[in-house]
Amino acid sequence: MAATPAVRGCVAIVGAGPGGAGLLTLDAVKALREADVCFHDRMVPESVLGHLPAAAARVDVGKDFGRAGKDAQRAINALVARGAMLGKKVVRLQAGDPSVYSRLTSIPNACERRKLPFTHNHPSANSLPGRRIAKAIGKPSHNLIFSC
């Protein structure tokens, strides 16, 4: 009898930009509409979260002033990875630009350690710095799988 392959989901890193739902890229909207679970910052407006399916779980992982730091980010990375390991399409929705504060490396690296697929950053339409940074960084490792 053949072994059943492990069910794996994927992770998409999406930037909400300055907050207007109309400023999301088409790729960002697609990722949101296909999400099973969304880990979002508390500053992401409801107009952006409104692109999520009604059945999608919404998890506020916004950091409090006293809770910010590497430990909090590691905990968020673990939550995101756990969702994908359970076979879910996971979106990590950042307020603003995900290229700020190292999200373009910390979450992909957490996925890499667990051999989980993820998609490139989906910055908001007006995020030129984020696009330049994402292009400069490229794929954080040759071992990563970039698809959902």
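The following paragraphs walk through a predicted model of one protein chain, from its overall layout to a few individual residues.

The protein chain contains 5 helices and 5 strands. Starting at the N terminus, these elements come in the order β-α-β-α-β-α-β-α-β-α. Of the 148 residues in the chain, 45% are buried. Contacts between residues at least 6 apart in sequence can be sorted by how far along the chain they reach, and 69% of them join residues at least 24 apart.

Confidence in the prediction should be kept in mind while reading the model. The mean pLDDT of the chain is 77, and 68% of the residues reach 70 or more. For residues 139–146 the pLDDT is below 50, and this stretch makes 17 contacts in the model beyond its near neighbours in sequence.

A good place to enter the fold is strand β1. All of its residues are covered, with 6 of 6 counted as buried. The burial applies to both faces of the strand: Cys10, Ala12 and Val14 are buried on one side, and Val11, Ile13 and Gly15 are buried on the other. Strand β1 pairs with β4 in the parallel sense, over 6 bridges. Within this pairing, Ala12 has Val91 of β4 as its bridge partner, and Val14 stands opposite Leu93 of β4.

Strand β4 also pairs with β2. The strand β2 covers residues 37–40 and runs parallel to β4, joined to it by 4 bridges. Here Cys38 stands opposite Val91 in β4. Val91 thus appears in both pairings, as the bridge partner of Ala12 and as the residue opposite Cys38. Like β1, strand β4 is mostly covered, with 5 of its 6 residues buried.

Where do the nonpolar side chains gather? In soluble globular proteins, nonpolar side chains tend to be buried together. In this model the largest nonpolar core has 17 residues, and those with the most contacts inside it are Val14, Leu32, Val48, Leu52, Val91 and Leu93. Four elements each supply at least two residues of this core: β1 (10–15), α1 (26–33), α2 (46–49) and β4 (89–94). Helix α1 gives the most, with 4 residues. Apart from this core lies another one of 14 residues, including Val11, Phe39, Ile76 and Ala81. Val14 in the largest core and Val11 in the other core come from opposite faces of β1.

Helix α1 has a buried side and an exposed side. Its buried residues are Ala28, Val29, Ala31 and Leu32. Viewed down the helix axis, these buried residues fall within an arc of 160°, so they line one face of α1. On the other side of the helix, Leu26 and Arg33 are exposed.

Helix α2 contains Ser47. Is Ser47 buried, exposed or partly exposed? Its relative accessibility is 42%, so Ser47 counts as partly exposed. Ser47 and Gly20 are 27 residues apart along the chain, and their C-alpha atoms are separated by 7.2 Å. Leaving aside residues up to four places away in sequence, Ser47 touches Gly19 and Ala21.

The cysteines can be taken next. Cys38, the residue opposite Val91, has 0% relative accessibility and therefore counts as buried. Cys111 is likewise buried, at 1% relative accessibility. A search of the whole structure finds 0 disulfides.

The last residue to look at is Lys115, which sits in the loop between α4 (103–113) and β5 (118–122). Most residues other than glycine have a negative phi. Lys115 is not a glycine, yet its phi is positive, at about 55°. Lys115 is also exposed, with a relative accessible area of 66%.

Conventions
Residues are numbered from 1 along each chain as its sequence is written. This is a predicted model: local features need pLDDT of at least 70, side-chain atom pairs count only at pLDDT 80 or more; totals for chains, interfaces and linings use all residues. Side-chain values use heavy atoms; hydrogens and water are left out. A nonpolar core is a set of buried Ala, Val, Leu, Ile, Met, Phe, Trp, Tyr and Cys residues joined through side-chain atoms within 4.5 Å. Buried means under 20% relative accessible area, exposed over 50%, partly exposed in between (1.4 Å probe, protein chains only). Two strands pair if DSSP finds at least two bridges between them. Contact means heavy atoms within 4.5 Å. The arc is that of the directions from the helix axis to the C-beta atoms. A disulfide is a pair of cysteine sulfur atoms within 2.5 Å. pLDDT is the predictor's confidence in each residue, from 0 to 100.
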